[in-house]
Amino acid sequence: MLVKPEEVGLSSARLGRISDHLRRYIDAGKLAGTLTLVARRGKIAYFEPLGHLEVERKRPVAPDSIFRIYSMTKPIASVGLMMLWEQGRLQLDDPVHKFIPAWRDQRVFVGGNHPAWKTAPVERPMTVRDLLTHTSGLTYGFMERTNVDAAYRKLGVADRTRSGYTARDMVAELVALPLEFSPGARWNYSVSTDVVGHLIELISGQRLDAYLREHVLQPLGMTDTAFVVTENQNKRFAANYQRLADDSLKLVDDPARSTYRDCAFFSGGGGLVSTASDYFRFASMTLNKGELDGIRLLGRKTVELMTMNHLPDGQDLTNLALPGMFTETAYAGVGFGLGFSVMQSPARAQIIGTPGEYFWGGAAGTAFWIDPGEQMIVVFMTQIMQMGLPAPYPLRRELRTLTYSAVIE
């Protein structure tokens with residue numbers, strides 16, 4: 001239920017600027033549609049669908065529209081693993097090879113190309129915490145930065161479109177590939193959370209989709225969040241686009257023929273679809289320190305641990321992130337926790353915000369942030385791919401300015 005923004009210390013007029021701003025993108029044909037949710041003190045104060053789910057067939061965006069959330073899957077999978085951690089089933093400093101024995105003797109890239117590598121031994125084994133914080137030494141194929149990520153592309157590592165391909169297959173492929181760096185030495189956005197998803201399967205004995213459905217999604221009432229879009233849901237499913245050089249939109253995934261109609265690779269790093277309302281329930285659970293509507297998924301201290309900066313010596317990403325790479329956040333003033341990036345300094349980040357807020361986004365432009373200090377949650381949904389040229393629009397930074405400037409008490 002929507003409340004009047006002023007009831008929760010927000011300005012109706014200033015929140016209205018969000019609609020005005022996003023309509024300019026939509027009217028110019030730069031976005032098909034958007035859905036923005038702003039909540040404070042546990043109540044939704046702004047929930048505005050704009051534009052269309054697809055340019056071609058003009059279905060309007062609605063409050064229950066379904067979007068590919070890509071990397072906003074990562075916090076959900078991370079919560080799933082930390083639930084097992086709370087049961088004593090693993091430790092954060094456990095070496096990953098405890099669960100994947102073939103990874104015991106990992107090596108670091110020195111030179112060469114696949115399959116003729118020159119490598120060196122890792123300085124220490126990769127741990128579970130390295131996976132949760134993206135300090136594992138793994139990478140993504142789409143980085144197009146090194147010989148290692150070129151091998152990921154060549155082999156199709158973590159490619160959900162490969163017929164019958166599973167997370168177990170991905171883990172087996174990674175045995176033969178070197179790491180970008182020794183675990184813990186740097187930060188690199190990667191398939192780490194896909195490995196987290198596989199660890200959930202190994203430890204729980206359940207397939208990832210079944211585990212998340214039973215232990216996270218159903219308890220929170222996230223009824224439209226899944227790895228597959230059903231026939232009944234398809235009419236609510238948005239099209240996905242790529243921005244072209246002339247600012248027009250190229251359709252890259254048509255809901256009528258979407259790859260999300262079937263799935264074998266349940267990607268903990270990027271495989272879910274969801275709605276703004278569903279993701280708001282997940283975000284509300286973390287803001288409430290692990291509980292929502294009487295259902296507790298995590299303990300308070302666990303959520304506090306997950307949303308601390310775990311980078312060495314309290315550093316931000318400018319010091320540890322590999323250069324020239326795609327990620328879902330700016331580097332300056334931003335640290336990283338167990339599944340979330342964490343705001344350290346809005347001044348260094350040069351964006352409005354609050355120290356201690358945590359957030360992430362998805363490859364198709366979706367985003368969320370959770371601000372405990374302001375008791376505020378924002379969920380943003382759209383479908384325009386953020387990788388490749390020309391560069392994507394600064395929607396997330398703009399939305400931060402628009403939402404935070406609406407706080408009046």
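**Group meeting: cores, sheet and backbone details of a predicted model**

Let me begin with Leu174, which, once its neighbours within four places in sequence are set aside, is in contact with Trp103, Leu138, Tyr152, Val157, Val191 and Val195. I should say at once that this is a predicted model, and what follows should be heard in that light.

Leu174 belongs to the largest nonpolar core, which has 123 residues, and together with Leu81 and Leu138 it is among those with the most contacts inside that core. Helix 8 supplies the largest share of this core, namely seven residues. Apart from it lies another core, this one of nine residues, including Tyr70, Val229, Phe237 and Ala364. As background, nonpolar side chains in soluble globular proteins tend to be buried together.

Helix 8 also brings us to the sheet. Seven strands make up an open sheet, in the order 2-1-15-14-13-12-11, and the pairing is antiparallel. At the edges are strand 2, residues 43-51, and strand 11, residues 334-336, each of which pairs on one side only. From one strand to the next the twist averages 15 degrees. Helix 8, residues 276-287, packs on this sheet, where it touches strands 1, 2, 13, 14 and 15, and its direction makes about 150 degrees with that of strand 15.

If we walk inward from the strand 11 edge, strand 11 pairs with strand 12, residues 341-343, over three antiparallel bridges, and here Phe336 stands opposite Ser341. Strand 12 is in turn joined to strand 13 by two bridges, again antiparallel, with Ser341 standing opposite Phe359. Strand 13 then pairs with strand 14 in the antiparallel sense over four bridges, and in that pairing Tyr358 is opposite Ile370. These two strands, 13 and 14, form a hairpin with five residues between them, and Gly365 in the turn has a positive phi of about 90 degrees.

Which way do the residues of strand 13 point? Tyr358 and Trp360 point one way, Phe359 and Gly361 point the other way, and all are buried. That is the pattern one would look for, because in a regular strand the side chains alternate between the two faces of the sheet.

Let me turn to some backbone details. A cis peptide bond, with omega of about 5 degrees, joins His114 and Pro115, and Pro115 is found in the loop between strand 4 and strand 5. Tyr70, which we met in the nine-residue core, has a phi near 40 degrees, a positive value in a residue other than glycine. Tyr70 lies in the loop between strand 3 and helix 2, and it counts as buried because its relative accessibility is 19%, where the cut-off is under 20%. Ala158 likewise has a positive phi, near 65 degrees, and sits in the loop between helix 4 and helix 5.

One histidine also deserves a word. His198 has its place in helix 6, residues 192-204, and, at 3% relative accessibility, it counts as buried. Not counting residues up to four places away in sequence, His198 touches Ile100, Ala167, Arg168 and Val171.

Finally, the cavities. How many cavities of 30 Å³ or more does the structure hold? There are two, and the largest cavity has a volume of about 80 Å³. Of the 14 residues that line this largest cavity, the closest to its centre are Ala32, Gly33, His52, Thr382 and Gln383.

Definitions and conventions
Residues are numbered from 1 along each chain as its sequence is written. This is a predicted model: local features need pLDDT of at least 70, side-chain atom pairs count only at pLDDT 80 or more; totals for chains, interfaces and linings use all residues. Side-chain values use heavy atoms; hydrogens and water are left out. Buried means under 20% relative accessible area, exposed over 50%, partly exposed in between (1.4 Å probe, protein chains only). Contact means heavy atoms within 4.5 Å. Two strands pair if DSSP finds at least two bridges between them. Axes are lines fitted to C-alpha atoms, for helices over the stretch in contact, and angles run from 0 to 180 degrees between N-to-C directions. A nonpolar core is a set of buried Ala, Val, Leu, Ile, Met, Phe, Trp, Tyr and Cys residues joined through side-chain atoms within 4.5 Å. On a 1 Å grid over the protein atoms alone, a cavity is a set of points where a 1.4 Å probe fits but cannot get out, and a pocket is an open set with protein on both sides within 12 Å along at least five of seven lines; lining residues have an atom within 4 Å of a point. Grid points are joined across faces, edges and corners, and a volume is the space filled by probe spheres set on the points.
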